[in-house]
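Me: I am new to this structure and would like a close look at a single part, namely the place where the domains meet and the core that they share. Please take it slowly and explain the terms as you go.

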Amino acid sequence: MMHAEFANTKVICFDLGNTLIEFGPRQIAKQYKGLTSKLTEMFGSCDTAKLKAIRDRQIVAPYHDGYRENDVGDCCRELIEGIYPITATEAQVRELAEERYKIFVEIIELSDVILPLLTDLAKSYRLALLSNFPCSRSIRDGVEELGMTQFFDAIVVSGEIGWVKPDPRPYQVLLDQLQSDPSECVYVGDNWLADVQGSKGMGMNSILTTEHLPYEKFERKAGDLEPDKTIARISELRELFL
Ligand SMILES: [Mg+2]
């Protein structure tokens, strides 16, 4: 039964990490392990504490730099030069970036509920995806491998725009591609700052999902906008929209 508060909905927009796929501490640990193996192969024994410190800082850097998205090459260069006493070549930076891409696409998995849920929602709504991630190819190829591309009328990745959610720019690109009014859109995401504050600030309705444990956490601040609904399971969208 359709909830009255979402009666105007024509488009359901999704975040990816920790919303449609789990991308929490377990996946981050696998990513760090993969990067450690690759760096060890390329340059010798890798200081994993240094790697973790650099990566942890890089993950949240856009939120402390005016929402400017990271550059993948710069991140890889910083990782190599922060761990080893060398100046990385362009080829070495590219090799590590390519490994990062491969690790991401290998790590991500879909739970059993997602494809049936998207299939059913797509019968009544237009669906879209907006993800914060510096490497657009990782998201687009990952989403394709998981069989989700077909459901989305628009896919936007922050790495293509240069700014991350909650900055209005990635949201505006999504709305322009959809040619939709924000009042007809519901945004579903797990991140209090990027997803809830970002989408509410654009005039969208907002649903916060708490199903997965996020790696990076943003505390609520005075004056923050509240989501229209909080759900503990993504499958609760069935009761809200079908
Ligand atoms: Mg997320």
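Reply: What follows starts with the domains, goes on to the core and a helix pair, and ends with a few single residues.

This is a predicted model, in which local features need a pLDDT of at least 70 and side-chain atom pairs count only at pLDDT 80 or more, while totals for chains, interfaces and linings use all residues. Residues are numbered from 1 along each chain as its sequence is written.

The domain assignment of the chain gives domain 1 (4–22 + 110–241) and domain 2 (25–107), with bounds that come from an automatic or database domain assignment. Their C-alpha centres lie 26 Å apart, and the contact between them takes 19 residues from domain 1 and 18 residues from domain 2, where two residues are in contact if their C-beta atoms, placed from the backbone, lie within 7 Å. On the side of domain 1 that touches domain 2, the elements that give two or more residues are helix H6 (136–145) and H7; helices (H or I, at least four residues) and strands (E, at least two) are DSSP runs, numbered from the N terminus. H6 gives the most to this side, with 5 residues. By class, the same side of domain 1 has 8 nonpolar, 5 polar and 6 charged residues, given that Ala, Val, Leu, Ile, Met, Phe, Trp, Tyr, Cys and Pro count as nonpolar, Asp, Glu, Lys and Arg as charged, and the others, Gly among them, as polar.

The largest nonpolar core has 60 residues, of which Cys13, Cys76, Leu174, Val186 and Val188 touch the most other members, and this core draws at least three residues from each of domain 1 and domain 2. Such a core is a set of buried Ala, Val, Leu, Ile, Met, Phe, Trp, Tyr and Cys residues joined through C-beta atoms within 7 Å; a residue is buried if 20 or more other C-beta atoms lie within 10 Å of its own, exposed if 12 or fewer, and partly exposed in between, with C-beta atoms placed from the backbone. Leaving aside residues up to four places away in sequence, Cys13 touches Ala128, Leu130, Leu174, Cys185, Val186, Tyr187 and Val188.

Cys76 leads to a helix pair: H3 (residues 72–83) and H4 (residues 90–107) pack at an angle of about 110°, with their axes 9 Å apart. Here axes are lines fitted to C-alpha atoms, for helices over the stretch in contact, and angles run from 0 to 180 degrees between N-to-C directions. H3 is therefore roughly perpendicular to H4, as angles under 35 degrees count as roughly parallel, over 145 as roughly antiparallel, 65 to 115 as roughly perpendicular and the rest as oblique. Val72, Gly73, Cys76, Arg77, Leu79 and Ile80 of H3 meet Gln92, Val93, Leu96, Ala97 and Arg100 of H4, and these residues divide into 7 nonpolar, 2 polar and 2 charged.

Some loop residues complete the picture. Tyrosine 67, in the loop between helix H2 (48–60) and H3, has a positive phi of about 65° although it is not a glycine, and tyrosine 67 counts as buried because it has 21 C-beta neighbours inside 10 Å. Glutamine 179, in the loop between H8 and strand E4 (185–189), also has a positive phi, near 55°, but glutamine 179 counts as exposed, with 8 C-beta neighbours inside 10 Å. Proline 166 is found in the loop between helix H7 (158–161) and helix H8 (168–178), and the peptide bond that joins lysine 165 to proline 166 is cis, with omega near 15°.
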